[in-house]
Structures are given as C-alpha cells and as structure tokens.
Amino acid sequence: MFADAAGAATLGTKIALRGGYIHQTFQGGYTYSPLGCRVLRNIERIIREEINAIDGQEILMPVVSGADLWIQSGRYDTVDVLAKFKGRGGADYVLNPTHEEVVVDFIKSVLETYRQLPFAVYQIQTKFRDELRARAGLIRTREFIMKDAYSFHVSQQDLEKYYARALDAYYKIFKRCGLKKVVHVLASSGDMGGSIAHEFQLISEIGEDTVYICDCGFGANKDSAGRGGICPKCGAKMRKERGIEVGNIFQLGDKYSKSMGLTYAAPDGARKHPVMGCYGIGIGRTLAAILEESADDNGPVWNMETAPFAAHIVALADKDVRVNDMAEKIYADLQAMGIETILDNRDARAGEKFADADLIAAPIRLILSPKNLDAGVIEAKYRLNDRDASQMKSSFAIDNCGREVNNAIKLLKGH
Ligand SMILES: [Zn+2]
C-alpha cells in the first residue's frame, strides 16, 4: 500500500497523508477530509462545466444494481472485478464498477425515436472494483469516484463526431486541473468491448502503465503499440514512458444496445440499435495525479481552480492583539466577497504556520505581522502549478486588500 511498482511510497500519497487530505478506511478505500473534499469538489466542478459544454446532461444512477442487468449484457461472469452479493431475500446484486448496463436500462425507458438522437448523459458517482490487490495509494483504489458519460447516436459517423468533441473537452479539463503532461494514447478497449478507445495518461515515473509516444504526436498503450514500438503513423521508433491513466474514452458501437435490447424507431419505422460511446474520468485519480506531478517536498501545489482555498491569511500576532483583529476583519471581508479563505490565527510559531500553509497550499498567501500592520500592508506570496506568479504584487495595501485579492484571483485563474 502507498507504494509504486518498485515498492517505494509515492510522493503524492505521502503528501496527501501528511497534509491530512485523506485517511485510509480500508485497503483501497479512502475518507476525504474537509480539505481533500474541497479539492475533489473543485475537480468535479471543472468536469461538470466542461461536460455540460459538450451537451452532457447530468443524471445519477445507483451504486448497486440487480445481477439481471449484468446477466443480460453477458458480463456477469466475465468481469473479474465485479463485486457480487446476495440480499437477505436471496436476490443477487452487484456493486457497479462501471455503468453501461445501468445506463442502457435507463435509456430504454426514455428512447423512442431517431429524433431524440444524439444525446449524452453523465454522472459523478462512486464505483467499486474488487481488485485482488490495491496498489500505489490513491492511484489504484477499490472504491473510487468517477465521472462517467454515455453518448447515443444513429451512426458510427455521428459517434465519431462526438468522440472528437469529448477528446477536446478532456484536454480542457486536465489543463484546468493544472495537469501539464497529459497525452491521449490509443488503447485496446478491454472489458468495454467495441473498437476504438483512447486513454488519457499523465506521463509520470511512478505510473503503473507503459505507454509509447511518438514525436509525430501518436501514442499507444502497451497492448496497442504493436511490435517493437514502431509508430504506425510515421514509422519512427516510439519513446517508452510510464503513465498514470486519468481518463478514457471508448467507441462502444452497438455492443450494449444490442445485447440489452435498446432500440429506437428509424425514419422508415424499423427498430434500430443506437451506437454508443462512453467516457470516464477518475476524480480521486485526477487529484492524485496533480499531487504526483506538482507536489514538492513541502506539500501540494494546486492551481486557482483546484486549491482547497484561494487565500490563506497567516496572522503572526506575536502578542500584538491588533494583528488578530485586523486579520479577522480581512478574513470577514474576503469571505463576504465570496473568496474561499482560511485564517490561521492560532497561537503557534511562525514556522509551524508556514509549514501548514504549504500543506494547504492556497495559491495566495497573505501574511500579517506587527511590522506589516505598521506599514499598512499585507504581504502576498503565491503557490501555483500552472502560472508564473513572479510578476505579481508582493504586498497589498490593507485598506484595499479585498479588491487586490480579487484581482489577483482573476489574473491567476484565466483559462
Ligand atoms: Zn509517429
């Protein structure tokens, strides 16, 4: 546990534990603290905005479903990570590790005619995979939160158009999360069936996947790279890298709509099976990937969109009561402006406060000391993984603090 393939603890998981973001509840299952939960919700917000922007409609499906749906699709006995259990009345249930069966069952209740197509639905929901071994801390967990989207089309051609939009949206999502080294690689579709699939991989030494990347822009995972890692696009030798899979997209074809009897009325009245795509992003996995890529020895480095707080006020009162009074006033002002702010007015040493501020890693740190107060300023320091803040102001006039912080947030947020 908490180890990479070589058995060493990964920096990201160590930092998440040290910073109090997570607590291991069971092998492969984590409780997210208030701090960790704030980051998760921020990642979810980014995903919602970008998936809504490609016409995704949010739904919510249950974690549990009856075994019958999985028997219908033919996957009840073939997916080894499927957790099965019996109810007291003897009924067979599963904990869904993915929701193709459940979504097709839902869409059967609403889809009637070709006029409704295309459309896409998505959810942000907990899933469970009964992995024999859970590894690498937050990277491969048994229970995890995922955004999973499903699209429905009259033709393969229409699916491919939407697939391209989803691919673009994924790059926007990972960029907004502050991830820099994400690539998409051709992947075999494994359990999902269908033909074309891609994985989004964060290139990282601690990644458990092997990917092959070509200078021409083509990439493939181990199963799809072909012999000798020769690029099928340009014939050059591809680079071997390690990656953390943060998302995947699949062209499913009519595998599920056929096996589960999902049909719509075509213009000529004939019943046809819609062509489907599915699109996943691991939320906890994305948080872990941000930590692995950006954290330093002092703590995480978030960006303005993912950080648990935008601003962190460090009050170094040193028995000067004016400092805490002013810090509380600034805190109240920032809160009133809707700026997510945390105030450290504990009676603790400066070194301890700064170490904790590094672990919380608000992008804007505001330091108030008796000396600053006498000068009428609050000192500003920045910590972000996707912006150069070296030209930002190093102090704000106390009287103008709210407006200055607001401006700084706008500058540091633009995407
Ligand atoms: Zn190539």
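Is Asp 318 buried or exposed?

The exercises below concern a predicted model, in which local features need pLDDT of at least 70, side-chain atom pairs count only at pLDDT 80 or more, and totals for chains, interfaces and linings use all residues. Residues are numbered from 1 along each chain as its sequence is written.

**Exercise 1. Classify Asp 318 and Asp 55 by burial, and describe their backbone.**

Step 1. A residue is buried if 20 or more other C-beta atoms, placed from the backbone, lie within 10 Å of its own, exposed if 12 or fewer, and partly exposed in between.
Step 2. Asp 318 is exposed, because 11 other C-beta atoms lie within 10 Å.
Step 3. Asp 318 is located in the loop between β17 (311–315) and α8 (321–336); helices (H or I, at least four residues) and strands (E, at least two) are DSSP runs, numbered from the N terminus. Its phi is positive, about 45 degrees, although Asp 318 is not a glycine.
Step 4. Asp 55 is exposed, because it has 12 other C-beta atoms within 10 Å. Asp 55 is not a glycine either, and its phi is positive at about 70 degrees. The loop between α2 (34–53) and β3 (56–58) holds Asp 55.

**Exercise 2. Locate the cis peptide bond between Leu 117 and Pro 118.**

Step 1. Omega is about 0 degrees for the bond that joins Leu 117 to Pro 118, a cis peptide bond.
Step 2. Pro 118 belongs to the loop between α4 (100–108) and β7 (119–128).

**Exercise 3. Determine the strand order and the edges of the sheet that contains β4, β5 and β6.**

Step 1. Two strands pair if DSSP finds at least two bridges between them.
Step 2. The order is β4-β6-β5, in an open sheet of 3 strands with antiparallel pairing.
Step 3. β4 (64–66) and β5 (83–86) each pair on one side only and are the edge strands.
Step 4. On average, neighbouring strands of this sheet are turned by 35 degrees against each other, direction ignored.
Step 5. The antiparallel pairing of β5 with β6 (residues 92–95) runs over 4 bridges. Lys 86 has Asp 92, in β6, as its bridge partner.

**Exercise 4. Describe how α1 packs against α7.**

Step 1. Axes are lines fitted to C-alpha atoms, for helices over the stretch in contact, and angles run from 0 to 180 degrees between N-to-C directions. Under this scheme, the axes of α1 (residues 11–18) and α7 (residues 283–294) come within 8 Å and cross at roughly 105 degrees.
Step 2. The two helices are therefore roughly perpendicular, a class that covers 65 to 115 degrees, whereas angles under 35 count as roughly parallel, over 145 as roughly antiparallel and the rest as oblique.
Step 3. Leu 11, Gly 12, Ile 15 and Ala 16 of α1 meet Ala 288, Leu 291 and Glu 292 of α7; contact requires C-beta atoms, placed from the backbone, within 7 Å.
Step 4. By class, this contact of α1 with α7 has 5 nonpolar, 1 polar and 1 charged residues. Nonpolar covers Ala, Val, Leu, Ile, Met, Phe, Trp, Tyr, Cys and Pro, charged covers Asp, Glu, Lys and Arg, and the others, Gly among them, are polar.

**Exercise 5. Characterise the surroundings of Leu 368.**

Step 1. Leu 368 lies in strand β19 (residues 364–368).
Step 2. Leu 368 is buried, because 26 other C-beta atoms lie within 10 Å.
Step 3. Leaving aside neighbours within four places in sequence, its contacts include Ile 313, Ala 315, Val 323 and Ile 378.
Step 4. Leu 316 is 52 residues from Leu 368 in sequence, and their C-alpha atoms are 6.0 Å apart.

Terms used. Two residues are in contact if their C-beta atoms, placed from the backbone, lie within 7 Å.
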